[in-house]
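Let's take a walk around a protein model together. A visitor asks, a guide answers.

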Number of protein chains: 2
Amino acid sequence: MAAPAPTDFQKDRCMDAPAISRDPLSHADLNLIDRYWRAANYLSVGQIYLLDNPLLREPLQPRHIKPRLLGHWGTTPGLNFIYAHLNRMIRARDLSMIYICGPGHGGPGMVANTYLEGAYSEIYPEIGQNFDGLKKLFRQFSFPGGVPSHASPETPGSIHEGGELGYAVAHAYGSALDNPDLIVACVVGDGEAETGPLATAWHSNKFLDPVRDGAVLPILHLNGYKIANPTLLARIDKEELRSLFVGYGYDPIFVEGDDPKLMHQLMAAAMDGAFDKIHEIQTAARAAGIAARRPRWPMLVLRSPKGWTGPKEVDGKKVEGFWRSHQVPIANPRGNPEHLRLLDEWMKSYEPQALFDESGALLPEIKALAPSGERRMGANPHANGGLLKRDLKLPDYRAYAVSAPQPGGAVAEATRVMGAYLRDVMHLNADAKNFRIMGPDETASNRLDAVFDETDRVWMEEIEPFDVHLSRNGRVMEVLSEHLCQGWLEGYLLTGRHGLFSCYEAFIHIVDSMFNQHAKWLKVSRHLPWRAPVASLNYLLTSHVWRQDHNGFSHQDPGFIDLVSNKKADIIRVYLPPDANTLLWITDHCLRTYDRINVIVAGKQPAPQWLNIAEAANHCAAGVGIWAFAGNETDGEEPDVVMACAGDVPTLETLAAVALLRDSLPDLKVRVVNVVDLMTLQPAEQHPHGLSDGAFDALFTRDKPVIFAYHGYPYLIHRLTYKRANHHNIHVHGFQEEGATTTPFDMVVINALDRYHLAIDAIERASSRSDAAIETIRRFEANLKEHRRYICEHGEDMPDICEWKWSCASA
Amino acid sequence: MAAPAPTDFQKDRCMDAPAISRDPLSHADLNLIDRYWRAANYLSVGQIYLLDNPLLREPLQPRHIKPRLLGHWGTTPGLNFIYAHLNRMIRARDLSMIYICGPGHGGPGMVANTYLEGAYSEIYPEIGQNFDGLKKLFRQFSFPGGVPSHASPETPGSIHEGGELGYAVAHAYGSALDNPDLIVACVVGDGEAETGPLATAWHSNKFLDPVRDGAVLPILHLNGYKIANPTLLARIDKEELRSLFVGYGYDPIFVEGDDPKLMHQLMAAAMDGAFDKIHEIQTAARAAGIAARRPRWPMLVLRSPKGWTGPKEVDGKKVEGFWRSHQVPIANPRGNPEHLRLLDEWMKSYEPQALFDESGALLPEIKALAPSGERRMGANPHANGGLLKRDLKLPDYRAYAVSAPQPGGAVAEATRVMGAYLRDVMHLNADAKNFRIMGPDETASNRLDAVFDETDRVWMEEIEPFDVHLSRNGRVMEVLSEHLCQGWLEGYLLTGRHGLFSCYEAFIHIVDSMFNQHAKWLKVSRHLPWRAPVASLNYLLTSHVWRQDHNGFSHQDPGFIDLVSNKKADIIRVYLPPDANTLLWITDHCLRTYDRINVIVAGKQPAPQWLNIAEAANHCAAGVGIWAFAGNETDGEEPDVVMACAGDVPTLETLAAVALLRDSLPDLKVRVVNVVDLMTLQPAEQHPHGLSDGAFDALFTRDKPVIFAYHGYPYLIHRLTYKRANHHNIHVHGFQEEGATTTPFDMVVINALDRYHLAIDAIERASSRSDAAIETIRRFEANLKEHRRYICEHGEDMPDICEWKWSCASA
């Protein structure tokens with residue numbers, strides 16, 4: 001192929017006129033693939049604009065145009081171009097491939113392509129492969145009661161919405177893990193590439209084992225512009241760009257230009273090269289049985305004009321190859337005849353009559369370019385992962401139980417006990433290869449290190465002789481990026497596997513917005529019958545607010561639960577197990593659930609154990625209950641005060657407070673209620689786990705003071721209980737945003753969550769002002785003062801004041 | 001200098017034995033700088049371990065050791081090494097420099113260095129430059145009532161805590177903007193370098209103008225390990241690493257090794273080279289008056305062992321040069337005599353007797369290496385930015401007022417009006433160069449584009465002839481990374497300037513955790529008398545939940561306000577101005593405040609205007625008030641129902657509901673209360689803006705039904721008002737997590753926030769079940785049904801149902 005003179009697009013960007021040694025596509029093939037692309041482009045424009053007259057068989061009229069024009073054209077032709085060429089690879093090499101569409105805004109393109117290949121009509125039979133189907137396809141897009149403007153759960157073949165940008169590459173790698181035969185094509189927009197999460201996600205190649213895992217083919221799409229600005233990566237020097245991706249560990253292949261015919265040849269050649277390379281890497285590594293080193297995976301860089309093939313200019317302003325093509329390039333064809341004419345001209349430039357037959361169906365010779373059956377990217381079961389999901393084999397959680405012969409009689413580290421259970425989950429599912437643990441360098445710090453008896457951390461870089469628990473095929477993924485942990489896990493779950501993300505509680509806020517988006521995805525998916533349920537996203541939040549005393553204020557934040565509570569009740573669960581045995585039950589439970597987000601908050605420090613495993617099971621199954629062993633109420637009478645608690649540290653302080661009260665004021669009748677499942681507090685109408693008002697009142701009474709010791713910000717308890725009869729008399733102690741580098745006991749004191757504050761509150765609200773009560777309050781206040789004096793002098797707690805002194809004798 | 005044989009550390013990493021052509025340090029200088037470094041290391045270890053005997057002048061005893069050992073040694077010697085060499089540069093070149101300590105965990109190092117240079121004792125006179133001062137310095141570290149373990153607000157010279165990792169480079173660039181004479185040295189740990197926000201922050205060089213702005217010298221510190229893992233950047237091939245930073249646009253200079261004497265020479269040479277290069281870049285650009293292209297700024301890569309100079313092995317396990325040195329390398333010197341001996345040996349290896357004089361003061365020849373006065377990094381006023389802050393010159397906001405002769409009589413786009421005001425803020429402060437606007441490619445989309453009449457977007461890459469509003473010295477910063485926008489602005493504010501971050505409401509969640517950390521920083525700073533107040537961090541959240549109907553569910557999330565509300569009341573403010581004039585007043589107000597985080601939520605779409613500018617000022621100053629023009633209550637009598645609203649869309653729907661009610665049921669007495677300042681709802685004891693109970697009851701009554709139309713998740717209103725007398729009768733309509741690509745009116749309908757749902761709720765709760773009431777409800781329900789039918793058929797709203805029909809006639 002001779003190198004033609006460079007176009008303006010090429011000259012603007014100082015690009016060499018590209019040349020390849022041999023044209024990979026015959027003239028006929030080139031013509032066909034171009035027609036396929038034009039069909040996808042035509043359908044994309046149609047979705048944005050047309051209510052009717054889908055094949056322009058009658059003159060285009062204002063009444064054929066939608067009243068509200070919504071959608072994003074700019075990225076779409078590039079997405080369509082890539083899709084067509086990936087189809088070619090799938091057919092030529094019989095590949096199993098899915099398409100992660102980073103620029104999810106280009107929803108019309110994803111819908112168009114899955115429609116062209118037939119997958120769309122199989123899922124939505126009302127959108128048939130005919131004139132009427134085309135009309136409905138166009139009409140439903142961004143239309144009330146129709147489908148959203150983005151690649152979304154409604155879109156076949158999609159596991160990635162892309163409305164919020166940054167997670168495409170992490171999702172892609174998560175999908176490829178443990179799927180050796182899968183190739184994940186991942187288109188990254190040059191806007192998205194500016195985000196932090198995406199900028200670090202390129203490093204995911206350091207965690208992909210070519211023997212065990214599939215391949216990811218990143219395709220950086222440089223169309224040059226965002227909403228109203230050029231993009232960084234499209235404007236930096238090309239050699240700098242190449243260096244960047246070499247630095248990220250890739251072998252970038254550039255496809256640059258704007259002449260479709262030339263670009264088809266270039267893209268076909270680049271794809272051939274990339275898939276050859278992937279094949280070569282995988283074949284070599286698998287033959288060797290182990291990857292000696294991380295391979296240099298290929299990636300593509302596609303530089304093409306934004307809004308490619310769309311109108312060059314509108315109203316005298318540059319549109320194609322500029323940010324003005326980002327959304328709807330021609331603003332008002334309904335009201336402006338010139339706009340209508342431009343739209344007509346634009347749509348006809350794709351020559352619909354050469355693409356669709358009389359009935360409105362795609363012509364068979366074009367359709368033949370799409371793969372068939374499950375090879376179609378819109379029908380690949382990996383993108384509807386619930387179809388492939390196999391339940392985890394779970395060990396009997398009771399086998400890991402801590403012996404707790406009497407409440408408070410034993411001490412254990414809850415997450416360490418959970419670690420032993422997780423080790424065996426790893427073991428039992430080693431063959432199925434469908435369970436992973438993610439964490440930002442905290443698996444050992446969070447005391448889950450028993451899992452390292454069974455597996456390692458995956459690590460594709462050099463491994464030194466003195467390294468510990470690193471290997472090429474470990475199943476624990478550690479990187480100092482909560483974004484990557486979350487993104488990988490989402491990709492892994494959405495393609496049908498299971499996992500757990502263990503994180504310092506404060507820093508899970510780093511992925512607040514990713515949590516939001518995943519919750520939204522699940523909410524929509526649950527209403528799509530064709531989407532099979534996927535495993536729940538399970539968080540273990542540990543190293544929590546009350547035990548980050550060594551790292552101080554920056555590490556103390558329990559607010560993630562508040563964020564979670566804003567999402568749809570169907571989706572979210574929050575568990576605060578008070579000890580190791582309850583944590584075991586909750587973990588086992590969460591690993592059996594689907595289509596949910598489970599948040600488990602549990603400490604890692606040595607702490608007293610309250611329930612034996614049978615009691616733990618009963619208590620957790622109910623979600624909330626009276627701890628009769630701790631209270632001293634008289635049968636058949638209501639107590640004077642309810643001491644409620646949720647969370648391990650609040651439970652300890654509550655029971656210590658109760659011990660103090662029973663010792664000092666034995667006539668005061670106290671009930672202890674422990675809450676494991678926070679959502680039981682909500683009304684039954686608001687959350688499926690919510691207690692009925694009758695059940696709530698039976699626990700918390702209708703009028704007695706409730707002193708509620710809560711793990712997080714106190715307001716959440718008010719918000720969950722504000723409809724309850726006794727709400728006015730619920731008094732919550734929790735985190736008051738007072739943090740410090742200090743002792744664990746001092747942390748609860750400065751937030752008034754300690755035993756003395758709780759006990760004083762109980763006495764003040766529940767007892768008569770007897771001499772004994774006044775004297776007790778005085779004594780507790782003196783203890784708090786003495787604590788402060790002692791700790792500032794000695795740097796440690798005064799044992800008499802903060803030690804755990806519960807004994808069964810007092811029960 | 002002859003190249004010596006490589007050490008094990010070098011061999012492990014395949015490093016060349018480095019050689020430089022000429023030793024920059026004389027033997028005497030080398031010896032002095034090494035002693036300075038040893039002094040800093042000694043003080044760092046002392047802070048982690050010692051309660052007493054600070055100079056080891058008596059035999060080390062268990063009683064000299066702290067009872068709780070907290071702190072992070074691993075990163076500290078590297079931080080100290082860099083600090084000593086930066087001091088050399090400051091003195092040699094009379095530089096103004098600050099030190100951003102990315103690995104904030106290395107707090108002992110920052111404290112040690114600012115103590116050595118004398119800045120610490122000037123701020124905290126009780127920590128003197130003598131034996132007693134040393135003892136207190138050691139004791140206070142991570143000690144109850146003392147200072148935190150991290151670089152924190154308490155640390156002189158710090159504007160960056162580093163507890164949550166990822167923001168060092170963004171903070172550094174934010175500090176350098178508009179500070180042409182400042183150099184910001186920014187140490188980045190190789191752990192932090194794995195985070196997303198940091199991975200994209202390297203691209204900040206594309207926004208730094210060498211003429212107008214200062215310089216950032218990034219120093220990537222590869223000590224190889226995180227808590228329990230190697231780091232990615234330390235283990236990838238060196239040429240890959242070099243490519244990565246060349247790709248990011250830097251000129252990396254490597255300093256690698258573990259032999260202190262050699263490393264001092266290498267570091268001195270590297271620093272000389274880097275500062276020469278910075279000087280050259282700035283001189284050339286400033287001579288030309290404009291930067292022709294983005295310069296290739298230098299950066300340093302320091303590869304040194306983790307826990308450098310600490311114990312090689314403890315209990316037979318590798319510690320120096322491995323992750324075991326991350327925190328406290330010798331665990332139990334109080335209880336284990338061998339540990340005590342090791343600690344003694346380690347500390348004495350620094351030869352304290354050769355560093356401090358008899359009185360405990362640093363020897364004068366060592367002290368002479370520190371810069372003096374404000375050149376000391378612990379005393380540079382840029383790191384206590386409030387000292388340099390100049391109030392903004394603000395135009396008279398009334399000049400931008402929208403004419404609103406009668407409520408609802410005019411239509412305006414609130415943020416567009418605000419944009420005109422901001423344009424003139426830009427203009428008035430152009431000389432002071434102390435105001436910037438940040439946004440993720442959304443300034444124009446958010447309709448603030450009037451600012452482009454006054455300034456451009458800053459852009460250091462190529463600028464094409466067809467580009468719009470890009471220039472080398474623009475004051476609007478746009479990048480598709482909320483993390484960068486937030487991080488830059490934090491750095492800019494903390495060094496004494498002003499700014500605004502405009503963002504799509506849903507995606508501000510991306511920086512939830514950065515918001516948390518900044519709020520924590522402000523909370524602590526406010527209690528440090530020596531920290532001068534800095535300008536508030538102002539958010540404009542627009543393109544909000546109710547008007548993202550074109551982007552759909554992924555772009556619809558009003559939950560940031562909930563997160564904000566968890567933080568200390570002193571710090572946070574949330575404003576929901578209902579129209580353009582109120583937005584003007586609020587903007588003007590926020591730009592005058594200090595040490596706060598102001599969240600303003602306002603729409604950008606054309607919307608009815610309610611208040612003239614005088615009314616707006618009165619209303620906003622009160623924060624909440626009765627809109628008498630809208631209600632029909634009888635003087636001296638309580639209304640039947642209170643229709644409350646907060647937010648622009650809820651206000652419109654409420655007033656439309658009231659119009660419907662007054663039309664249909666004129667006997668129903670309605671009061672309208674509009675809330676601008678959300679925190680007025682909280683009790684006065686909880687928030688400085690909170691209404692007294694009397695004032696609250698006067699607005700909302702003690703027992704009448706309140707139908708509250710709220711912008712966000714309804715729970716927040718309950719949480720804010722649960723202590724109020726009338727709380728049981730407040731019924732909140734808000735976002736119910738129902739999103740879609742649909743019309744704006746349909747969005748409020750599917751969340752039951754529309755006029756019909758509000759009116760029906762009011763009738764059901766407030767009126768007798770008269771025939772007229774029943775008939776009205778029936779009619780409104782029919783309208784809702786008709787809406788649904790019409791919209792699904794036509795794709796747009798039925799005008800009769802959703803149009804704004806308020807008129808003064810009905811008032």
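What follows is a short chat about this predicted model.

Visitor: What rotation superposes chain A on chain B?
Guide: Picture turning one copy about an axis until the two overlap. The shift along that axis is 0.0 Å, and the RMSD is 0.0 Å. That's how a two-fold axis relates copies. The rotation is 180°.

Visitor: Which residue of chain A comes closest to the rotation axis?
Guide: Here we go by the C-alpha atoms of chain A. The one that comes closest sits 2.0 Å from the axis, and it belongs to A:Gly196.

Visitor: Do the copies meet through the same surface or different ones, and what percentage of the interface residues tells us?
Guide: Check which interface residues of chain A are also interface residues in chain B. The copies meet through the same surface, because the share is 100%.

Visitor: What is the radius of gyration of chain A?
Guide: Chain A holds 26 helices and 22 strands. For its 811 residues the globule rule gives 28 Å, and the model's value is close to that, so chain A is as compact as a globular protein of that length. The radius of gyration is 31 Å.

Visitor: How much of chain A counts as buried?
Guide: A residue counts as buried when its relative accessible area is under 20%. Chain A still exposes about 24100 Å², with carbon and sulfur atoms supplying 50% of that. Of the 811 residues, the buried share is 70%.

Visitor: How far apart are the centres of the positive and negative side chains in chain A?
Guide: Chain A has 80 positive side chains and 101 negative ones. Take the centre of each set, and the two lie apart by 6 Å.

Terms used
Residues numbered from 1 in each chain as written. Chains lettered and ligands numbered in written order. Heavy atoms only, no water. Least-squares fit on C-alpha atoms with pLDDT ≥ 70 in both. Contact = heavy atoms within 4.5 Å. Helix = DSSP H or I, 4+ residues; strand = E, 2+ residues; numbered from the N terminus. Rg over C-alpha atoms; globule rule 2.2 N^0.38 Å. Buried < 20%, exposed > 50% of the residue type's maximum accessible area, 1.4 Å probe, protein only. Areas by Shrake-Rupley, 256 points an atom, 1.4 Å probe, with all protein chains shown as cover. Lys, Arg positive; Asp, Glu negative; His and termini not counted. Charge placed at Lys NZ, Arg CZ, Asp CG, Glu CD.
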